[in-house]
Amino acid sequence: MTPFRLIDARSAAHAMTLLAEHGPAARLIAAGGDLLDLLKEGVAGALQPAPAVLINLGTADMADVAWSDAKLRLGAMATLADLAAHGDVRAAAPMLVEAIGRIASPQLRNVTTLGGNLLQRPRCLFFRHPLIDCFKKGGRGCPAAAAGDPRLQPVLVTAGPCCAVHPSDLAPVLVALDAVMEITGPSGLRAIPMDELYAGAERNPRAEAVIAADAVVTAIQIATDVFSGQAFEKFTVRGANDFASASVAVAVAVTDGVVRDCRIVLGGAALRPVRSREAETVVIGRKAAQIVTADIANAALPGAWASDAAGRIEVLRTLIARTLARAIAA
Amino acid sequence: MRATTPPAPWPSDRPLRVVGHRAVRASALAKVTGRARFASDIAPVGMLHAILLRARIPRGRVLRIDTAAAAMVPGVVRIVGPFDFPQPPGPLYPGSRSRPAIDAEVRFAGEEIGAVVAQTSAAALNAARLVRVDYEAHPAVLTMDDALAPDAPILGGESNIVSGVDTLACGDIDVGIAAADVVIEARYATAAQHHNALEPHGCVAAWQDDVLTLWDSNQGCHGIRERLAMVLGLPHNQVRVVSDYVGGGFGGKIHLKPYHVIAAQLARLTGRPVRLFMDRREEFIASHQRAPTARSIRLGATRDGRLTFIDQVVRGQAGPTDLFARNAAGAANGMRLHGCTNMRAEIRRVHTNTPPPIPFRGPTAAEDIFCLEQAIDEMAHALDLDPLEFRRRNIATVEPFARLPYAGNGLLACYERGAAAFGWRWRPPRRCGERDVVRGIGVGAVAYDGTLFEESHAEVAVRANGRIEVRVGLTEIGCGADTIFAQIAAEALDVPLRLIDTHFGDTHTTPRSIDSTNHSRTTTVVGPAVRAAAQALRRLLLEHGARLLQAAPDQVVQHGAAIAQRDDAGIAITFGEIAAATGGVVVGAGERERPPDGVFQAMFGAHFVEVEVDTGTGRVRVLRAVCAHDAGRVVNPLLAESQVHGGFLQGMGMALLEEPLVDPISGHLLNATMWAYRTPGFADLPASIRFVDGSVPDRSNSLGVKGLGEPPLIAAGAAIANAIFNATGARVRSYPITPDKVMAALAERSRA
């Protein structure tokens, strides 16, 4: 690990000042759950250039959870454990709490943050290997595509050269809740719908999220009382401490026994959470009691998707059936 | 053979006083309080830190090493490569094609090509990343299929098959085929498996004049000392190996490795102690691995359930040289498991540019029996028989190669006691609905060759303070050698266990009890030597005691931890007092007894498993397991349970989760990390793993002991695979049985 200087930021504004002052050699660090791994493992290229200055957001007073009109504003530096224990979060976004419970381990959830989870880099084994070159690390081509093992490729084939999947469990959950990401930049506050955060991720050589290098993610806002039923399921090979091979987040708005609105979002399938609009369309307008979740699941993931992808398409259908059933029953 | 005549065998019809009882592991408190010092903890004054440079291509040569940038890192002391490394006088391994510890020839990605030594480990790591190496890359073969392709590059000799085809046979295979009413045939495969011991490989090497002290994480201090002395061209007494506590081995730490030699030479070169330990990513390379295998098995049986033949064609991945190739594949233990007259196995060990296979708990036997016990299960189903009943009808009485009776075969006891404890009630597999979560049960057995005899020396001593010390020259790797030899000595000497300490792990202060702990043989090899040493000590104590009590030798007896007058127990002298009066310590030395003729020692076992399969995702959970084992005589049931728990979980990992992924283009191991190479975690544990003692009397030594380290892993895999079949009607013949394979098998079943 090349030596770096650690500077404590007093606030988001101060962090931006420091970023401007130190230029491309400076990076923000939250808990360091991902960043320190990349540095220690010497995944050269994943951090370009190698950071000489790390700006600590832990001291920047960005961890608050507060109401803002009818929206719940979650500070980007709130730890996963704190969010899962927070009464308002538990009441307004039970799916978020459910997802947090499946992330990593209690030790990691105690220190890692909402923002860090959403901005973590892919877990592609080629990306994470210190000696293998790839597009995301500033090189050319995709060694995962070249290797040809379907287990190491995404379920949804996309346009760009990178074929990793996004490892965050909170990303599909927040897309399903229509969450908005609050980003503070030199020209002021911007709000990006979570759905657009990872636009073009497979063609972006530097990162997955559309955030400028001089900006700070300060909060996530979720509207509450919109979706009456929520459910999240994560499929992992190991019982715990494992990244999603597939995940599904479902949110439904049911009034008078009819589904008025629905979000079905797939995780672990591509470099961005993917809304299954084909399945959503079938569900909206139907009587909740008449929905056969197996049929919806089979309608999702039509032929445009990748081949079997080592059984993961069937797994995604299973997760859709189960989350939809739970969300409707809630 | 310098063995002694065996003493009277311990009784098998009644309990012993100390042996056979639960005793807390002697090192437990030291380990959980952090007082135990591992080689990783050693830090002599002036110690330098070394890190290895490893090849980035799978095959070829190092042309040039550019250390200019690396040498500028503050704190760097020395950088060596293949052209300037001080090679020791002897070869790393005996044999003609041995490679030096650091060499320009590269035979697998990650092979050692140099080292950096620095004041701190951070400096060493930073410098290592700045070293530039130019290679001449040659075409490599990374899998057995690659190696056997018609235009494959040949790694050595005439073909990529090591030493031709190895055939094991007994009886007449054609007679067996003719006698079969039902024949089945199928192909099976096992993947490589990494040891992942918690403590990585490594050592601290320090020279004092011409004497080397090596604090090392190994499985046998005497074995490492002897091999290292030979390589360095030194007499044994100039190499001292200290391995007080070791954080796991599982077979990976039996052998001398390049890092031992490199650390010793760097310490000599720099004149300072040198610490050389692997990080976790390197540990996947340094430990090598269990070899991947592939086999086809054909079985025949009569309609009433008697096996008539077993015929196998087996391939194993052997790495780039002949060294360790025997670890690539085997079939012998599978052939010992059931009574079948006509058996044959053809084994091909295939050269590849991958790290050579080294033993991993049940080496070649786990791979073999994970597959064979599935084939046996398939035959039971073809015959419409309960798989347990089919096995009961085929118990072996004679070892097929030596043609000798087993000194003890507890397989039937394991079947019966295990089935009873499990509540085994078999029913055929049922069809499951879409996305159902279903349950099933399975059974799998194990046979594993034991060790009848090896030379072993032990000492039992009494000190002036009354403490009794067992001295055994071995490394304790977690199996319990720190505890059970004290129990054996306490039993033999007829004193309380609490009076006894065990000293091990230092070649300078222990007799040579064993070269290395492996093959589940430490208890059976060393135990009788400890008993002999305890008896020798007692003889000395009686002799000295008589003299000190001024009595005739036949007028004194042992009375607790003292020698007393036969007719007046009040006139006595304690062991400690005897020691004080005779120079401070009395030492009894013993050797391993002679083995009996005409028997073969083997361990047996049977696992019964219940699983739950989610047919919507392919995920398998092991719900519970009952593991019955014949160990001859269980010395310590508490430690036996630990062995069974650990072995079962490693077998479960091999069966369901663990698989190294190699990039077919670069040859690099892709998942050399704990998060990406999946070993079982807490959320994967079954609700219970229950050890059932299926031991029957064994006459291979006077203690009646065999071993228990490896069979619990070997039996686990097929029991789990067979339970998956029972739950779903879908069979997966390729390990690890990951969810994607279950989904594929289910899809195939519904198409059929």
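How many salt bridges are counted between domain 2 of chain B and domain 3 of chain B? I would like to keep that question open for a few minutes while we go through the structure, which, I should say at the outset, is a predicted model.

Let me start with chain A, which is divided into domain 1, covering residues 1–61, and domain 2, covering residues 229–329. If you take the C-alpha centres of these two domains of chain A, they lie 36 Å apart.

Now let us look at where chain A meets chain B. On this interface, 38 residues of chain A are in contact with 35 residues of chain B, and the two chains bury about 3,000 Å² between them, with 56% of that area on carbon and sulfur atoms. Three residues deserve to be pointed out here, namely A:L125, A:V237 and A:R238, which together supply 22% of the area that chain A buries against chain B, more than any other three residues do. For those of you who are new to this kind of description, the size of an interface is often given as the accessible area lost when the parts come together.

What about charged and polar partners between the chains? The rule finds 5 salt bridges across the interface of chain A and chain B, and one of them joins B:R678 to A:D242, where the closest N and O atoms are 2.8 Å apart. Between chain A and chain B there are also 14 residue pairs in polar contact. Several helices of chain A take part, since α2 (35–40), α8 (143–147), α12 (293–299) and α13 (312–329) each supply at least two residues of the side that touches chain B. Which helix gives the most to that side? The answer is α13 of chain A, with 7 residues. Taken as a whole, the side of chain A that touches chain B divides into 20 nonpolar, 8 polar and 10 charged residues.

Let me turn to chain B, which is divided into three parts: domain 1 (28–36 + 454–591), domain 2 (40–138 + 200–246 + 253–286) and domain 3 (293–451 + 598–751). The centres of domain 2 and domain 3 of chain B, taken over C-alpha atoms, are separated by 37 Å, and the contact takes 16 residues from domain 2 and 21 residues from domain 3. These two domains of chain B bury about 1,700 Å² between them, of which 69% is on carbon and sulfur atoms.

And so we come back to the opening question: the count of salt bridges between domain 2 and domain 3 of chain B is 0, although the rule does find 2 residue pairs in polar contact across that interface. On the side of domain 2 that touches domain 3 of chain B, the residues divide into 7 nonpolar, 2 polar and 7 charged.

I will finish with a few local details. Over all chains the count comes to 11 aromatic pairs, including B:Y93 with B:F324, an edge-to-face pair at 5.2 Å centre to centre with 80° between the planes. This pair links distant parts of the chain, 231 residues apart, with B:Y93 in the loop between β3 and β4 of chain B and B:F324 in the loop between β14 and α9.

Two backbone features are also worth finding in the picture. The peptide bond from B:Y735 to B:P736 is cis, and B:P736 sits in the loop between α18 and α19 of chain B. Finally, B:T364, in the loop between β15 and α10 of chain B, has a positive phi of about 65° although it is not a glycine.

Note on methods:
Residues are numbered from 1 along each chain as its sequence is written. Chains are lettered from A and ligands numbered from 1 in the order in which they are written. This is a predicted model: local features need pLDDT of at least 70, side-chain atom pairs count only at pLDDT 80 or more; totals for chains, interfaces and linings use all residues. Side-chain values use heavy atoms; hydrogens and water are left out. Domain bounds come from an automatic or database domain assignment. Contact means heavy atoms within 4.5 Å. Buried area is the accessible area (1.4 Å probe) that two parts lose on being put together, summed over both. A salt bridge is a side-chain nitrogen of Lys or Arg within 4 Å of a carboxyl oxygen of Asp or Glu. A polar contact is a pair of N or O atoms within 3.5 Å; within protein, one must be able to donate a hydrogen and the other to accept it, and residues adjacent in sequence count only if both atoms are side-chain atoms. Helices (H or I, at least four residues) and strands (E, at least two) are DSSP runs, numbered from the N terminus. Ala, Val, Leu, Ile, Met, Phe, Trp, Tyr, Cys and Pro count as nonpolar, Asp, Glu, Lys and Arg as charged, and the others, Gly among them, as polar. Rings of Phe, Tyr and Trp (its six-membered ring) pair if their centres lie within 6.5 Å; planes under 30 degrees apart count as stacked, over 60 as edge-to-face and the rest as tilted.
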